[in-house]
Number of protein chains: 2
Amino acid sequence: MENRVCSLFNIKYPIVSGGMVWCSGWRLASAVSKCGGLGLLGAGSMHPDNLRYHIRMCRENLGELPFGVNVPLLYPEMELLMKILIEEKVKIVFTSAGSPKKWTPYLKEHGIVVCHVVSSALFAEKCEKAGVDAVVAEGFEAGGHNGREETTTLCLVPKVREATSLPLLAAGGIALKCQIKAVEALGAEGVQIGTRFALSQESSAHRMFKEHCTSLGEGGTRLLLKKISPTRLAYGSRFTETVEKMEAEGADREEMMQYLGKGRAKRGIFEGDINEGEIEIGQACSLVNSIESVEQIMKSLI
Amino acid sequence: MENRVCSLFNIKYPIVSGGMVWCSGWRLASAVSKCGGLGLLGAGSMHPDNLRYHIRMCRENLGELPFGVNVPLLYPEMELLMKILIEEKVKIVFTSAGSPKKWTPYLKEHGIVVCHVVSSALFAEKCEKAGVDAVVAEGFEAGGHNGREETTTLCLVPKVREATSLPLLAAGGIALKCQIKAVEALGAEGVQIGTRFALSQESSAHRMFKEHCTSLGEGGTRLLLKKISPTRLAYGSRFTETVEKMEAEGADREEMMQYLGKGRAKRGIFEGDINEGEIEIGQACSLVNSIESVEQIMKSLI
């Protein structure tokens with residue numbers, strides 16, 4: 001499986017674990033990197049000092065093996081976060097949820113490999129112009145925050161492949177080996193997997209979150225909160241029922257923001273409040289029925 | 001490419017053109033069958049006598065080559081339609097939009113090969129119990145009427161593959177050869193292609209419909225009308241803007257039905273009224289940029 005993605009990140013298998021809020025701490029990231037993939041830390045749910053701790057723990061566990069950090073570009077204390085990435089000599093950064101133009105030159109100046117997550121070919125072209133090293137094309141199936149175009153991985157990957165010559169990873173809906181083969185046929189050179197790793201033993205998510213998500217079947221998630229920012233969530237809790245009812249009855253953005261409040265994702269994913277928290281998870285959860293170790297998962301994928 | 005789907009339908013390539021309302025008349029169906037695939041007539045937009053005419057025209061053009069008829073099980077004059085299928089000795093029927101239990105035994109008694117379109121593995125199991133010969137797993141990307149689970153082709157096909165041992169075709173979002181390879185990796189043994197054939201020269205759709213749809217880019221379609229029946233439509237006309245506004249403001253099912261009225265699909269697809277008609281088309285239209293002949297399309301796929 002040696003290819004451009006493997007060379008770029010210096011990994012054995014072109015499999016990246018997504019940097020997911022409240023899931024992707026040092027335990028998950030290190031486990032994936034130890035198995036020959038690339039583990040990412042999810043900075044989105046970490047205070048800067050906490051991120052520093054997780055980076056150090058990764059290094060302690062991994063030695064010279066690579067790992068990376070996912071940075072949502074809407075992070076409130078971005079300057080401080082960037083400072084930490086440089087100070088801690090992080091070598092790989094995945095950026096998402098924003099324009100690749102703003103931080104790519106800064107990261108590249110510091111010798112960091114930059115990979116940007118896109119939900120359209122249009123943005124992939126912008127990435128190439130901004131000088132990023134690789135793109136992740138993430139489809140409608142993905143958990144959590146999601147593109148407005150609703151383009152699925154099957155339609156997105158060939159379109160992005162046509163738009164850019166950069167190394168290309170596919171994401172969104174991928175949990176099985178046959179799906180890795182499928183996106184390779186579409187032109188992807190590697191994959192970023194979220195849901196399956198979010199539900200692994202090493203994920204920092206709450207046991208209740210993992211048990212709930214592994215029990216979900218077809219139609220178990222839905223893209224909701226479109227008036228704020230489209231977000232894929234497990235479906236059928238008190239929270240999503242209220243959201244759906246409000247949306248169906250025409251609540252506006254402000255009313256939705258007010259009901260949503262703060263800290264719902266932490267409550268759902270990290271504290272395991274299935275009924276009132278935001279259970280961010282991808283459509284692929286219907287293909288994941290048990291809580292496995294990262295080693296078991298990696299073995300089944302390669 | 002010889003496999004179970006080819007044997008079942010007695011075709012050279014496991015490529016079926018969808019039986020699409022206002023697109024799939026005898027010209028399109030015959031052209032696909034002549035090129036070694038399986039052309040379907042779309043009974044959904046045909047009065048019974050008109051269907052009889054299209055069946056006869058297919059036979060006249062195809063001789064012994066196979067073709068089929070797609071029957072949406074919500075068809076208002078179902079008894080009459082079934083009578084015509086038998087009288088005209090149709091050999092292959094694809095049923096959709098309903099339970100496979102009701103008509104499968106009747107069709108099978110008359111020696112007809114039955115294939116049912118599903119949007120979930122749950123329904124694929126029901127198909128097997130009902131005695132159908134093959135299933136089409138159609139994902140969220142598909143144009144027109146669509147499953148409520150919103151499961152994409154990438155997530156649906158492996159799930160259906162696991163649920164049934166029947167010959168399996170994939171549909172939804174497939175317009176390119178690389179996508180055929182992708183769904184084969186997921187376990188499909190053939191494909192049903194809608195959008196690309198709807199936009200072919202031989203499709204009965206209006207020239208304006210074809211020109212509009214081939215000009216659409218990413219995010220050019222959206223799943224709308226969820227309070228009535230989820231339908232994928234080209235996005236950005238006066239009609240869809242009104243639908244979106246009404247939906248955002250909480251219009252109920254009845255209000256939506258009243259605004260929708262009757263004959264919108266005919267108006268959009270067959271009469272080419274881009275602004276006020278329903279432009280039913282799949283997400284794959286962003287991958288289709290010109291109006292080609294069926295021969296050109298088939299060549300590019302095989």
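How many salt bridges does the rule find across the interface of chain A and chain B? In this predicted model, the rule finds zero salt bridges across that interface, and the views below set this count beside the other features of the contact and of the barrel in chain B.

**View 1. The interface of chain A and chain B in polar and buried terms.** Although the count of salt bridges between the two chains is zero, the rule does find 18 residue pairs in polar contact across the interface, with both residues at pLDDT 80 or more. The area buried between chain A and chain B is about 3,000 Å², and carbon and sulfur atoms give 58% of this area.

**View 2. Elements of chain A that touch chain B.** Two or more residues each are given to this side of chain A by α6 (121-130), α7 (153-163), α8 (177-185) and α11 (238-248), and among these α7(A) gives the most, with six residues. In the contact as a whole, 39 residues come from chain A and 40 residues from chain B.

**View 3. The relation between the two copies.** A turn of 180°, with a shift of 0.0 Å along the axis, lays chain A on chain B with an RMSD of 0.0 Å, which is the relation of a two-fold axis. The same surface serves both copies, in that 100% of the contact residues of chain A recur in chain B.

**View 4. The barrel of chain B.** Eight strands with parallel pairing form a closed barrel in the order β1-β2-β3-β4-β5-β6-β8-β9, and neighbouring strands of this sheet are turned by 25° against each other on average, direction ignored.

**View 5. The pairing of β6 with β8 in chain B.** Strand β6 (residues 134-138) and strand β8 (residues 168-171) run parallel and are joined by four bridges; B:V136 has B:L169 of β8(B) as its bridge partner.

Key: Residues are numbered from 1 along each chain as its sequence is written. Chains are lettered from A and ligands numbered from 1 in the order in which they are written. This is a predicted model: local features need pLDDT of at least 70, side-chain atom pairs count only at pLDDT 80 or more; totals for chains, interfaces and linings use all residues. Side-chain values use heavy atoms; hydrogens and water are left out. Two strands pair if DSSP finds at least two bridges between them. Axes are lines fitted to C-alpha atoms, for helices over the stretch in contact, and angles run from 0 to 180 degrees between N-to-C directions. Copies are superposed by least squares on the C-alpha atoms of residues with pLDDT of at least 70 in both. Contact means heavy atoms within 4.5 Å. Buried area is the accessible area (1.4 Å probe) that two parts lose on being put together, summed over both. A salt bridge is a side-chain nitrogen of Lys or Arg within 4 Å of a carboxyl oxygen of Asp or Glu. A polar contact is a pair of N or O atoms within 3.5 Å; within protein, one must be able to donate a hydrogen and the other to accept it, and residues adjacent in sequence count only if both atoms are side-chain atoms.
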